[in-house]
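Welcome, and please take a moment with the sequence and the structure before reading on. The report below goes from the overall fold to a pair of individual residues.

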Amino acid sequence: METRRREALTGTAGCATAVLGALVGIAVWFPYGRRGLSGAFEGQTAPGVFLLGVPVMLLGGATAALALFALVRGRWRPAAALLAALTALAAFGYGFDVLGAPQALEDCGSPC
């Protein structure tokens, strides 16, 4: 009975960690997302902010939190796999400009 309780507690802690990580990911993404949604040229919105930004930051936050949870528990192989997945998500995010500054919001200089 003791091991079932411990496993249930560990599973609950892992789920809570993933949810907290996803919320932190959204909190980190929000300043970029707000700027992308409030409009670039003449107040137009960028739907790619929701289509790519939200999933990448939700998955990235949850993955980072679960990797840290696995490291704290001493599970090195799952932690290494989660860190590899986090690296892939970061590469995807930067590749599709989800994690970088939106191009339309940068200062275009004097001709504008």
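Helices here are DSSP runs of H or I with at least four residues, and strands are runs of E with at least two, numbered from the N terminus. On that basis, this predicted model has three helices and zero strands. Read from the N terminus, the order of elements is α-α-α.

Now for the protein as a whole. Of its 112 residues, 25% count as buried. The accessible surface comes to about 7,700 Å², and carbon and sulfur atoms account for 68% of that area. If you look at contacts between residues at least 6 apart in sequence, 66% of them join residues at least 24 apart.

Two residues make a handy pair to inspect, one from helix α1 and one from helix α2.

| Residue | Helix | Relative accessibility | Class |
|---|---|---|---|
| Valine 28 | α1 (residues 2-37) | 55% | exposed |
| Threonine 63 | α2 (residues 48-73) | 12% | buried |

Why does valine 28 count as exposed? Its relative accessibility is 55%, and the cut-off for exposed is over 50%. Valine 28 also belongs to a nonpolar patch on the surface, which it forms with Leu20 and Val24. Together these residues offer about 280 Å² of accessible area.

Threonine 63 counts as buried because its relative accessibility is 12%, where buried means under 20%. Which residues does threonine 63 touch, leaving aside those up to four places away in sequence? They are Leu82, Ala85, Leu86 and Leu89.

Key:
Residues numbered from 1 in each chain as written. Predicted model: local features only at pLDDT ≥ 70, side-chain atom pairs only at ≥ 80, totals over all residues. Heavy atoms only, no water. Buried < 20%, exposed > 50% of the residue type's maximum accessible area, 1.4 Å probe, protein only. Contact = heavy atoms within 4.5 Å. Areas by Shrake-Rupley, 256 points an atom, 1.4 Å probe, with all protein chains shown as cover. Patch = residues over 30% accessible without salt bridge, like charges linked within 9 Å, V, L, I, M, F, W, Y side chains within 5 Å. Salt bridge = Lys/Arg side-chain N within 4 Å of Asp/Glu carboxyl O.
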